[in-house]
Amino acid sequence: MTVEEMTAVDQREVDRRVRRCRLRQWLGWAAYALVAIHLLWMILSSNFPVRLWVSGYKWDMLQICMIITHFAVLFILALVAKTGTTWIYGALQKECDPFLFEACVYHMGFMGNENLKRLNLAIAQYYQGNFQQAMDTIMHTDPSSFKKTNRLNYYALKSGLCFRFGMGDKVRELENEFQRRISGKQDTKNMQLLCAMNNLKRARANKDYESAWCFYQEWLHLSDPVSQQLWSKVGRAWQQAVLEQDCGNEAGARAAFAYVEKYGNRLMFVKDAARFLHPQETAADKTESEGVKRDGGTEA
């Protein structure tokens, strides 16, 4: 972010989100440790108090039930700790504010995973429209430790940046690299999703709009429930808008861009929507943005 962009971020909101995230993580993991210690003590201790009044078959069944209960509680507490980051990701996924998201990410440690931190910074920079900065960040990120959604985010983001900078020939290499890393059904589905997004961009570049619409529908079909978050909906609405615009359907483009403008907040797509919906008001920005190539967004 530039200095002006940094000053525009509400630091009190950043502190509030980071504090709530850390509090949930600390409470979750502390409770997790206590329950785990109690489970271990219960299994190893022959003087467990309940045994004083329960014996034989009933004791064995009770012990099994209590162990199962402990594991269930451990699972729930682990989820509580893990979902602390929803306060951070929500800045982008729900509020569509990549600047607030980046400011929050800078304060997070991601349990020592610097690659995950850099990936999230690159995503924030991309959705701000800071493409060169996003490319610089993603180029210093090692994807070998990423799994599932993070793996998809990395390859989708890097593919989008390659298309934007005229390096479409490198995208096939990225797809092959993703293919080699596939390790389950989720990865297989994510590979199909990545190819659908990339093929959509290839079809648009070749002005094959019939195929582009087919790949767009495939992208919608493959998208999982996470893609129902607001930022994903705005990204898809933007893609629909530029496809409608490519096909000369001004009414369809206007409707889709109106959705982007209404809900996109500070996502980069809103600038495109404003240029289309309010050409006279944005005439001053037209020269500055001339030559900037549009492409599809990536999902996280």
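What share of the 300 residues in the protein chain is made up of buried residues? In this model, which I should say at the outset is a predicted one, buried residues make up 45% of those 300 residues. The secondary structure of the chain comes to 15 helices and 0 strands, and, if we take the contacts between residues at least 6 apart in sequence, 64% of them join residues at least 24 apart. With that as background, I would like to go through a few places in the chain, beginning with a pair of helices.

The helices I have in mind are H12, which covers residues 230-246, and H14, which covers residues 269-277; they pack at an angle of about 40°, and their axes are 10 Å apart. In passing H14, H12 makes a left-handed crossing. On the H12 side the residues that meet the partner helix are Val234, Gly235, Trp238 and Gln245, and on the H14 side they are Phe269, Asp272 and Phe276. By character, the residues of this contact divide into 4 nonpolar, 2 polar and 1 charged.

Is H14 largely enclosed by the rest of the structure or largely open, and why? It is largely enclosed, because 7 of its 9 residues are buried. The buried residues of H14 are Phe269, Val270, Asp272, Ala273, Ala274, Phe276 and Leu277, so that Asp272, which we have just met in the contact with H12, is on the buried list as well, since it falls under the 20% limit on relative accessible area. As for what they pack against, the buried residues of H14 have H6, H12 and helix H13, residues 250-263, as their partners.

Let me turn now to the aromatic residues, where the count comes to 13 aromatic pairs. One of these pairs is Tyr89 with Phe101, whose ring centres are 5.8 Å apart and whose planes stand at 40°, so the pair is tilted. Tyr89 belongs to helix H4, residues 86-93, and Phe101 to helix H5, residues 98-106, so this pair ties together parts that are 12 residues apart in sequence. Both partners count as buried, Tyr89 at 19% relative accessibility and Phe101 at 1%; the figure for Tyr89 is under the 20% cut-off, and that is why Tyr89 is called buried.

A second pair takes us back to the two helices with which I began: the rings of Trp238 and Phe269 have their centres 5.1 Å apart and their planes at 35°, so this pair, too, is tilted. With Trp238 in helix H12 and Phe269 in helix H14, the pair links distant parts of the chain, 31 residues apart. Trp238 is buried, with a relative accessible area of 1%, and Phe269 is buried with a relative accessible area of 1%. These two residues also belong to one aromatic cluster, which is formed by Tyr126, Tyr127, Phe131, Trp231, Trp238 and Phe269.

To come back to Phe101 for a moment, which residues is it in contact with, leaving aside its neighbours within four places in sequence? They are Ile88, Tyr89, Ala91, Leu92, Asn120 and Ala124. Phe101 and Gly90, for their part, are 11 residues apart in sequence, and their C-alpha atoms are 8.0 Å apart in space.

Helix H6, residues 114-128, contains Asn115, which is buried, with a relative accessible area of 15%. The side chain of Asn115 is joined to that of Arg118 by a polar contact of 3.0 Å, and, once neighbours within four places in sequence are left aside, Asn115 is in contact with His140, Thr141, Asp142, Ser145 and Phe146.

I will finish with two backbone features in loops. Cys96, although it is not a glycine, has a positive phi of about 55°, and Lys207, again not a glycine, has a positive phi of about 60°. Cys96 lies in the loop between H4 and H5, whereas Lys207 has its place in the loop between helix H10, residues 185-205, and helix H11, residues 209-222. Which of these is buried, and which is exposed? Cys96 is buried, with a relative accessible area of 0%, while Lys207 is exposed, with a relative accessible area of 63%.

How values were computed. Residues numbered from 1 in each chain as written. Predicted model: local features only at pLDDT ≥ 70, side-chain atom pairs only at ≥ 80, totals over all residues. Heavy atoms only, no water. Axes fitted to C-alpha atoms, helices over the stretch in contact; angles between N-to-C directions. Helix = DSSP H or I, 4+ residues; strand = E, 2+ residues; numbered from the N terminus. Left-handed = near helix turned anticlockwise from the far one by under 90°. Contact = heavy atoms within 4.5 Å. Nonpolar A, V, L, I, M, F, W, Y, C, P; charged D, E, K, R; others polar. Buried < 20%, exposed > 50% of the residue type's maximum accessible area, 1.4 Å probe, protein only. Polar contact = N/O pair within 3.5 Å; in protein donor to acceptor, adjacent residues only side chain to side chain. Phe/Tyr/Trp six-rings, centres within 6.5 Å; stacked < 30°, edge-to-face > 60°.
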